[in-house]
Amino acid sequence: MARALMDLTTSRSWWNAAKGDVHRTVLPYVRTVENYQAELFDKFIKLESTYDTNPRTNRHTAGSNLSSRLGRAKSIVTENLIACNVDTVASNVADTDIRARIQTDGADWSHQRTATRLEGYINGLSKLFDVGEKCRIGFKAGAAMKGTGLNKVWIDRFDEVRVTPVPIDNIVVDEVECRDGKPRQLHYRDFFDREDLQAQFPDHAEAIARAQTSGNWRLWAGYRPMQSNEIICIESWRLPIGPVKHPNHIPGRHTLTIDGCDLLDEPYEKTFYPFSKMVWNAPIWGFYGISLAERILPHQNLLNRRNYQINRSLDLKADPTTYVHQGDQNLAVKTVNQIGSIAVYKVALPQTVDHQAVGKETYDSRQEIKNDAYNESGVSRMAAQAVKPAGIDSADGLREYRDQTTQRFSIQEKAFERFWLDTLWLVLDCCRDLGGTKAPDIVKVSKYGNKRIKWSEVDMDDLKIEMVAASTIADTPAGRQQRVVELAQAGVITLDESRELMEHPDITRVLSVYNAMLEDIENTIERILEGEEVVPEPFQNLDVGIKLMQKEYLLIKNNGAPETVLEAMTDWISIAANILNPPPPPPPMGMPGMGPPGPGGPMPGPLGAPPPGMPQGPAAQLGAGAPSFAPAAYAPMQA
């Protein structure tokens, strides 16, 4: 087997196969790898069976009748430690929704606005594709139970973005080739209905109908059964080597193959797979993680044996014995449907010693096994039983207690947040591939009509670096009420506004009104930087605008801004200052001391100078209260 696997990996590289012949190499290779790692895939099935002990769905505990099940009584689970621990951790770690936040560093106003729209677009996609629920499935059914949780994000044949949880059982990676945990090739094996494939690939309808009609296809890899209408489909990726622009670059390959046909074959230039991944505990080497259920499995087996011993002893003790005289021995034959047994004696009445059915050591061993299982998993017994400590009644105390009890799973909490964000990032990558016309739009309700956020309005680079996670606890009704109190105490909102928000806490609306004047000034600065001539309006907050405009002027001046932009800014500052402090009106002609020039009258001053007795300098033209930073060279023109 090992020799055959080595031959397949070295001399029959599927990514080097000729177009149309990839299926001849991929299917045998994947089947051989899965056979070679049969113990690994068998472990996934057994771990799943330890959580789901339903005899209708679990072939490991199912029996044709009650007697056959009692014959395997030692394997019957009466206390499921694995299910208890997995459910407790999932409810404590994966119960909180995550909100994506886009953070910018040194961005101008337009990029900040784009980031704000992108944030709304991302969270709209999260609700549209139900990313939270699918990540919770990957956390519980994948990472906690089998070690690795996966979500596949891709564009289907109908140009729609799809997000689907994928069992780790369907991912085939050669562990020998993937010692560092980063495989160069990955294969997704799944079973599809023939009609579904024919609808997606109508050009290959005849090849799909002929696939798997000859040969032994009842079992895949020798252990996985298939239905008659199902067809095995292998989707394979090979990552590229080197940057695209480098002369030594080797492109990757993406194929979709079935028996006897290549449904899809295209180059693959992305440096990642279309899967978001969460690992419970990373292995020392390899691709597949170590699960919580795998750590508790030995304790579960011991607990099953102890419970079997205790129940067996109690059943034997509960079987009473009735002693009758020899003359009444026929009573034992005549009596039916009795509980216990009948014994005959001749002379003296026998004595029965009533001993203890189960020893104390057996009960103590059972309790120690359960304690060891909780110590191994890190789950608190009080959390597993949904019991809070006595004396902790306040919301702050309960929140602090929850933080302390989940500290053991801080690594898993961060991995779950990363799992959620990676799924959203792959959705955004699919939107970029679809483009502005095919990518989904997010509708936001507004008073003046519903607004659609399109992908072309939010497209940004370096999404994976700028995207961070934030809890949505503050968006719950209780969280909003608490935030209203905090904003009122900090003086951000008035007392009247806080009273209004107590009834309907729409905090975003109130804060957006406060930020509207600043955003208006930022928009004005952005338009000037783009070369547009903007005139200040009296209804703008000109006092704040002058200060922000001056700061921006000094910033871009030192960064080599063009003179036209600097001149437009100084004009805006001068006009705004003139609106705030208009110059006094000219004195009437008959004002004392202003007689006609000539003997006895005042002499006119230099051309453009103010009349005698008026204040001198730029301050006189802008008004007594005009800001001192208004440049004299850009003083407003007199009417």
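Tutor: Let's start with a word we will need: a residue is buried when its relative accessible area is under 20%. Keep in mind that this is a predicted model.

Student: Is Thr-257 buried or exposed, then?

Tutor: Thr-257 has a relative accessible area of 0%, so Thr-257 is buried. You will find Thr-257 in strand 9.

Student: Which residues is Thr-257 in contact with, leaving aside its neighbours within four places in sequence?

Tutor: Among them are Val-22, His-23, Val-26 and Leu-27. Ile-232, Cys-233, Ile-234, Asp-262 and Leu-263 are also in contact with Thr-257.

Student: Let me try the cut-off myself. Why does Leu-197 count as buried?

Tutor: Buried means under 20%. Leu-197 has 2% relative accessibility, and therefore counts as buried. Leu-197 has its place in helix 8. Not counting residues up to four places away in sequence, Leu-197 touches Phe-192, Ile-208, Ile-231, Ile-258 and Leu-263.

Student: How many residues separate Leu-197 and Ala-209 in sequence?

Tutor: They are 12 residues apart in sequence, while their C-alpha atoms are 9.7 Å apart in space.

Student: Now the sheet. How do I read its strand order?

Tutor: The order tells you which strands lie side by side. Here an open sheet of 3 strands has the order 3-2-11, and the pairing is antiparallel. Strand 3 (161-166) and strand 11 (275-279) are the edge strands, each pairing on one side only. From one strand to the next, the twist averages 15°.

Student: How many bridges join strand 2 to strand 11?

Tutor: There are 5 bridges between strand 2 (residues 148-155) and strand 11, and the two run antiparallel. To see the pairing up close, look at Asn-151, which stands opposite Ser-276 in strand 11.

Student: Which helix packs on the sheet?

Tutor: Helix 7 (residues 131-146) does, touching strand 2, strand 3 and strand 11. The direction of helix 7 makes about 140° with that of strand 2. Helix 15 (residues 410-434) also lies across strand 2, strand 3 and strand 11, but runs at about 10° to strand 2.

Student: And pockets? What is the volume of the second largest pocket?

Tutor: Its volume is about 1,100 Å³. The next thing to read is the lining, which has 40 residues; Trp-154, Ile-155, Asp-156, Glu-235 and His-254 lie nearest the centre of the pocket.

Student: Which element gives the most to that lining?

Tutor: Helix 15, with 5 residues. Other elements that each supply at least two residues include strand 2, strand 3, helix 8 and strand 9. By kind, the lining residues of this pocket divide into 22 nonpolar, 4 polar and 14 charged.

Notes:
Residues are numbered from 1 along each chain as its sequence is written. This is a predicted model: local features need pLDDT of at least 70, side-chain atom pairs count only at pLDDT 80 or more; totals for chains, interfaces and linings use all residues. Side-chain values use heavy atoms; hydrogens and water are left out. Two strands pair if DSSP finds at least two bridges between them. Helices (H or I, at least four residues) and strands (E, at least two) are DSSP runs, numbered from the N terminus. Axes are lines fitted to C-alpha atoms, for helices over the stretch in contact, and angles run from 0 to 180 degrees between N-to-C directions. Contact means heavy atoms within 4.5 Å. On a 1 Å grid over the protein atoms alone, a cavity is a set of points where a 1.4 Å probe fits but cannot get out, and a pocket is an open set with protein on both sides within 12 Å along at least five of seven lines; lining residues have an atom within 4 Å of a point. Grid points are joined across faces, edges and corners, and a volume is the space filled by probe spheres set on the points. Ala, Val, Leu, Ile, Met, Phe, Trp, Tyr, Cys and Pro count as nonpolar, Asp, Glu, Lys and Arg as charged, and the others, Gly among them, as polar. Buried means under 20% relative accessible area, exposed over 50%, partly exposed in between (1.4 Å probe, protein chains only).
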